[in-house]
Amino acid sequence: MMKQRILATSEKLFDEMTDFACELIRTPSPSGEEKALAELCAAQMSQLGYDEVFIDAIGNVVGVLRGSGGGANLMFNSHMDHVDPGNAALWQYPPFGGVVADGYLHGRAASDVKGGLATQIYAGALLRQAGIPLKGDIIFSGVVQEEPAEMLGIRHLCEQTLPQHQLRFDLMLSSEATGLNLFLGHRGRVELEVVSEGRTSHGSAPWRGINAVSKMLPVLTAVEQLAGTLPTHPVLGQATLALTNISCSPGRLSIIPDVCSVALDRRLLPEETPAQALAQIEAILADLAASDADFKAAARIRSVRETSWTGLVADCAKQMEAWLIRPEHPLVIETAKALHTLGQTPDFGIWDFATDASYVTGVLGIPTIGYSPMEEQYAHTPSDRVSLEMMKKALAGNAAIAERISG
């Protein structure tokens with residue numbers, strides 16, 4: 001029976017998978033420095049018998065199990081990068097120690113997302129070792145530079161790498177933290193920058209200048225008022241607008257500042273676009289300029305230049321689309337049925353944070369479902385950890401989903 005084959009093989013592979021997950025934690029991979037981790041994942045997939053394994057031009061790692069044809073293709077997806085561990089003195093266990101204790105694997109990225117990454121790669125091994133036939137292809141993708149929230153790695157994977165290798169997928173299974181539940185969406189986001197301009201003067205004679213910070217104050221008041229009028233979604237919750245940073249120049253105690261810059265974090269609902277969010281701020285600036293001849297300010301969507309570990313350079317807009325898959329979607333129903341066969345009873349949920357599914361589902365329209373053993377409460381904290389028992393369940397769950405979708 002399929003259930004017994006999956007559970008028995010997951011039990012057989014569990015210790016080996018745990019050792020691999022420990023090695024993942026012991027291999028630091030901050031954004032833009034994922035080379036060692038990509039090579040580790042590629043070597044492991046080759047050893048586990050994946051039909052095709054490669055690292056693409058931007059540094060993503062891909063492994064493929066080829067089906068016999070005629071079935072749906074499933075792509076497991078994890079990101080390889082992680083945030084800085086911060087103050088090591090706050091950690092009970094070393095951030096890159098990969099320590100197993102008290103039923104958990106501890107260390108930076110255990111919950112975001114190396115615990116889930118290990119269960120996805122080993123799900124492929126489980127399918128192969130259990131002799132489970134597949135019609136569709138199973139693809140594992142470990143992408144670079146997810147944490148900066150610009151979708152550079154996943155965009156390159158979908159736009160260039162997969163077409164070059166004649167690969168496509170009908171469903172992406174994301175390993176972002178879900179606690180073994182099925183997550184079906186999240187709000188979008190856009191980083192807005194507003195800059196006001198003035199004129200410097202000596203601090204002892206402020207009337208000779210135009211204080212750019214003072215000119216920014218009515219902007220912030222209007223932004224706060226706008227935030228209170230934003231819409232709410234019945235599933236995704238409230239659209240939000242928050243001031244996250246403010247600076248000015250020259251920034252000297254005796255000089256009236258002639259430039260003030262603020263950063264705004266805008267969370268978007270599916271009916272909203274980054275361009276619309278920008279237009280709302282531009283309308284505020286236009287109203288202020290109409291009533292103040294000395295007011296001069298501009299807003300823009302923030303853009304940054306990123307370089308991958310392979311040396312590929314790209315300018316990236318700081319924006320991500322909202323997306324939502326309904327529980328009634330056929331692929332969600334089939335995914336839930338696969339887990340039910342193992343005795344798992346997942347709830348449906350959404351992420352508070354944004355993921356690379358903003359591109360896959362929000363832009364390309366390909367469905368994404370989140371499923372992993374990791375828990376959001378531990379992500380980006382000195383308590384970063386993942387439950388070993390939940391990893392064992394996720395290993396079997398990933399294989400059962402793959403069999404149901406692609407078998």
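For sorting residues here, Ala, Val, Leu, Ile, Met, Phe, Trp, Tyr, Cys and Pro count as nonpolar, Asp, Glu, Lys and Arg as charged, and everything else, Gly included, as polar. With that split, the lining of the largest pocket comes out at 6 nonpolar, 2 polar and 7 charged residues. Keep in mind that this is a predicted model. Below is a quick tour of its pockets, its cavity, three helix pairs and a few backbone oddities.

**Open pockets**

- The largest pocket has a volume of about 280 Å³. Its lining counts 15 residues, and those closest to the pocket centre are Glu-146, Glu-147, Phe-353, Ala-354 and His-380.
- The second largest pocket has a volume of about 200 Å³. Here 16 residues make up the lining, with Glu-150, Leu-152, Arg-155, Asp-315 and Cys-316 nearest the centre.
- Two elements, α4 (152-164) and β17 (313-317), each put at least two residues into the lining of that second largest pocket. The largest share is from α4, which hands over 5 residues.
- Sorted by class, the second largest pocket is lined by 8 nonpolar, 3 polar and 5 charged residues.

**The closed cavity**

- If you set the bar at 30 Å³ or more, the structure has 1 cavity. The largest cavity has a volume of about 60 Å³.
- Around the largest cavity you'll find Asn-77, Ser-78, His-79, Val-143, Glu-146, Met-172, Ser-174, Ser-175, Glu-176, Thr-355, Asp-356 and Ala-357.
- Strands β3 (74-79) and β7 (171-174) each bring at least two residues to this lining, and β3 gives the most, with 3 residues.
- The class split for the cavity lining is 3 nonpolar, 6 polar and 3 charged.
- One residue to flag is Glu-146: it is part of the lining of the largest cavity, and Glu-146 is also listed among the residues closest to the centre of the largest pocket.

**Helix α1 and its two partners**

- Helix α1 (residues 2-25) packs with helix α3 (residues 110-129): the axes come within 9 Å and cross at roughly 140°. That angle makes α1 oblique to α3, and the crossing is right-handed.
- On the α1 side, the contact with α3 uses Ile-6, Thr-9, Ser-10, Lys-12, Leu-13, Glu-16, Met-17, Phe-20, Ala-21, Leu-24 and Ile-25. The α3 side answers with Ala-110, Lys-114, Leu-117, Ala-118, Thr-119, Ile-121, Tyr-122, Ala-125, Leu-126 and Gln-129.
- By class, the contact of α1 with α3 has 14 nonpolar, 4 polar and 3 charged residues.
- The other partner is helix α2 (residues 35-47), whose axis comes within 11 Å of that of α1, with a crossing at roughly 160°. Because angles over 145 degrees count as roughly antiparallel, α1 is roughly antiparallel to α2. This crossing is right-handed.
- From α1, Glu-16, Phe-20, Glu-23 and Leu-24 meet Leu-37, Leu-40, Cys-41 and Gln-44 of α2. That contact holds 5 nonpolar, 1 polar and 2 charged residues.
- Glu-16, Phe-20 and Leu-24 of α1 take part in the contact with α3, and these residues also appear in the contact with α2.

**Helices α7 and α9**

- Helix α7 (residues 330-340) and helix α9 (residues 388-406) have axes 8 Å apart and pack at an angle of about 130°. They are therefore oblique to each other, and their crossing is right-handed.
- Leu-331, Glu-334, Thr-335, Lys-337, Ala-338 and Leu-339 of α7 touch Gly-397, Ala-400, Ile-401, Arg-404 and Ile-405 of α9. Split by class, the contact has 6 nonpolar, 2 polar and 3 charged residues.

**Backbone spots to look at**

- The peptide bond between Asp-112 and Val-113 is cis, with omega near 0°. Val-113 is in helix α3, the helix that α1 passes in a right-handed crossing.
- There's also a cis peptide bond from Ser-249 to Pro-250, with omega near 5°. Pro-250 belongs to the loop between β13 (240-249) and β14 (259-268).
- Asp-102 isn't a glycine, yet its phi is positive, at about 55°. You'll find Asp-102 in the loop between β4 (99-101) and β5 (104-106).

Technical notes:
Residues are numbered from 1 along each chain as its sequence is written. This is a predicted model: local features need pLDDT of at least 70, side-chain atom pairs count only at pLDDT 80 or more; totals for chains, interfaces and linings use all residues. Side-chain values use heavy atoms; hydrogens and water are left out. On a 1 Å grid over the protein atoms alone, a cavity is a set of points where a 1.4 Å probe fits but cannot get out, and a pocket is an open set with protein on both sides within 12 Å along at least five of seven lines; lining residues have an atom within 4 Å of a point. Grid points are joined across faces, edges and corners, and a volume is the space filled by probe spheres set on the points. Helices (H or I, at least four residues) and strands (E, at least two) are DSSP runs, numbered from the N terminus. Axes are lines fitted to C-alpha atoms, for helices over the stretch in contact, and angles run from 0 to 180 degrees between N-to-C directions. Angles under 35 degrees count as roughly parallel, over 145 as roughly antiparallel, 65 to 115 as roughly perpendicular and the rest as oblique. A crossing is left-handed if the near helix is turned anticlockwise from the far one by less than a right angle, and right-handed if clockwise. Contact means heavy atoms within 4.5 Å.
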